[in-house]
Amino acid sequence: MADVAGKGLFSVKTVCIVTGGSRGIGRSITVNFASKFPPGSLLIALSRDVEQLTVTKTLSTKANPAVLSVTHAFDQGTLDQQKYEKLFQDTLQGRRASDFQQAMIVHNAGSVGSEFCRNLTDVSQVSQYLNVNLAGLIALNAQFMQVFKDVPSKVAVNISSGAVNRPVASWGLYCSGKVFREMFMRTLALEQPNIRVLSYDPGPVDTKMFHTEGIQETKAEEHVQALRAMAKKLLAPDTTVDRLIAILEKNVFESGCHISYFDD
Ligand SMILES: NC(=O)c1ccc[n+]([C@@H]2O[C@H](COP(=O)([O-])OP(=O)(O)OC[C@H]3O[C@@H](n4cnc5c(N)ncnc54)[C@H](OP(=O)(O)O)[C@@H]3O)[C@@H](O)[C@H]2O)c1
């Protein structure tokens, strides 16, 4: 591991990949992380929406012109081996992994996919959910570990949810998917003690996911009511990302652990 022990995770030249960088929490992570990294760092934002990624790129370049911001169209649910294998070649912009002292990946992309468990009869709907939220994350994470295996310091952040703590009616895919992701991250931390691994629950945040996939598309009426009540006190994306940055800067968390925005 690079000599970053005891140092904040924004102190060295870093290549940082953010999934779901087109809006919401992912855009805020991309822009605010860009502002923190030292010159020569590289921020790579992935998502399907090229137009919105361009907006993210403009904002992150404005936040820190000394950090190169790159965007790349990427559907995490399309499990094409070649696409996964070529992704980092395509996004490194001629740089090599060895140009960086640290590699960081933020697994932020996600979807809710609200449906009652008893109604999940459509196998393509189920597998699409699992591909985007689980299989795609696993494959991307492994590519990241391979491509950057010789980079001295590595960090993997999983954007989690309070839904890991309790079942929510009609969110069976979401709750169990987030639990799966956390256990996967804990296993990664166990296997590779030299990597810093964190699952961060951002709290309720004012994003498209909360309003569209949450309030508008949630099937369980009692949960819609709960979301409506929560909507009165949503966090801004930058507020929760500031907290994430503070955790990474302090860099004293136990690798593999879950930390919520609301934790002390
Ligand atoms: N908002 C909240 O209250 C809240 C609470 C707890 C946890 N979270 C978690 O925070 C993360 C970000 O959510 P958000 O609230 O910022 O939602 P959002 O605004 O809807 O953003 C979701 C992001 O995921 C990307 N994404 C979705 N499907 C994708 C796919 N197939 N391939 C690649 N990217 C894909 C989207 O990109 P494209 O559509 O451009 O591809 C978008 O950038 C999620 O993991 C969510 O579970 C959110």
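# Exercises on helix packing, sheet order and cores

In this predicted model, the axes of helix 4 and helix 5 (residues 172–191) cross at roughly 5° and come within 10 Å.

**Exercise 1.** Classify the mutual orientation of helix 4 and helix 5, and state which residues of the two helices meet.

*Solution.* Start from the crossing angle of the two axes, which is roughly 5°. Angles under 35 degrees count as roughly parallel, and helix 4 and helix 5 are therefore roughly parallel to each other. Next, list the contacts: from helix 4, Tyr 129, Asn 133, Leu 134, Leu 137 and Ile 138 take part, and they meet Leu 173, Gly 177, Phe 180, Arg 181 and Phe 184 of helix 5.

**Exercise 2.** Establish the strand order of the sheet, identify its edge strands, and place helix 4 relative to the sheet.

*Solution.* The sheet is open and consists of 7 strands with parallel pairing, arranged in the order 3-2-1-4-5-6-7. Its edges are strand 3 (68–73) and strand 7 (257–260), each of which pairs on one side only. From one strand to the next, the twist averages 20°. To inspect one pairing in detail, take strand 5 (residues 153–159) and strand 6 (residues 195–201), which run parallel and are joined by 6 bridges; Lys 154, for instance, has Ile 195 in strand 6 as its bridge partner. Finally, helix 4 (residues 123–147) lies across strand 1 (14–19), strand 4 (102–107) and strand 5, and it runs at about 175° to strand 4. Since angles over 145 degrees count as roughly antiparallel, this value falls in that class.

**Exercise 3.** Describe the nonpolar cores, beginning with the residues that have the most contacts inside the largest one.

*Solution.* The largest nonpolar core has 47 residues, and Cys 16, Ile 17, Leu 43 and Val 106 are those with the most contacts inside it. Leaving aside residues up to four places away in sequence, Cys 16 touches Phe 33, Phe 37, Ser 41, Leu 43, Ile 44 and Met 104. A second core, separate from the largest and made of 7 residues, includes Tyr 129, Val 132, Leu 173 and Tyr 174. Of these, Tyr 129 and Leu 173 also appear among the residues through which helix 4 and helix 5 meet.

**Exercise 4.** Assess how compact the chain is as a whole.

*Solution.* The chain, with its 8 helices and 7 strands, has a radius of gyration of 18 Å, close to the 18 Å that the globule rule gives for 264 residues, so it is as compact as a globular protein of that length. Buried residues make up 40% of the chain. Of the contacts with a separation of 6 or more, 79% are between residues 24 or more positions apart.

Notes
Residues are numbered from 1 along each chain as its sequence is written. This is a predicted model: local features need pLDDT of at least 70, side-chain atom pairs count only at pLDDT 80 or more; totals for chains, interfaces and linings use all residues. Two strands pair if DSSP finds at least two bridges between them. Helices (H or I, at least four residues) and strands (E, at least two) are DSSP runs, numbered from the N terminus. Axes are lines fitted to C-alpha atoms, for helices over the stretch in contact, and angles run from 0 to 180 degrees between N-to-C directions. Two residues are in contact if their C-beta atoms, placed from the backbone, lie within 7 Å. The radius of gyration is taken over C-alpha atoms; the globule rule is 2.2 Å times the number of residues to the power 0.38. A residue is buried if 20 or more other C-beta atoms lie within 10 Å of its own, exposed if 12 or fewer, and partly exposed in between; C-beta atoms are placed from the backbone. A nonpolar core is a set of buried Ala, Val, Leu, Ile, Met, Phe, Trp, Tyr and Cys residues joined through C-beta atoms within 7 Å. Angles under 35 degrees count as roughly parallel, over 145 as roughly antiparallel, 65 to 115 as roughly perpendicular and the rest as oblique.
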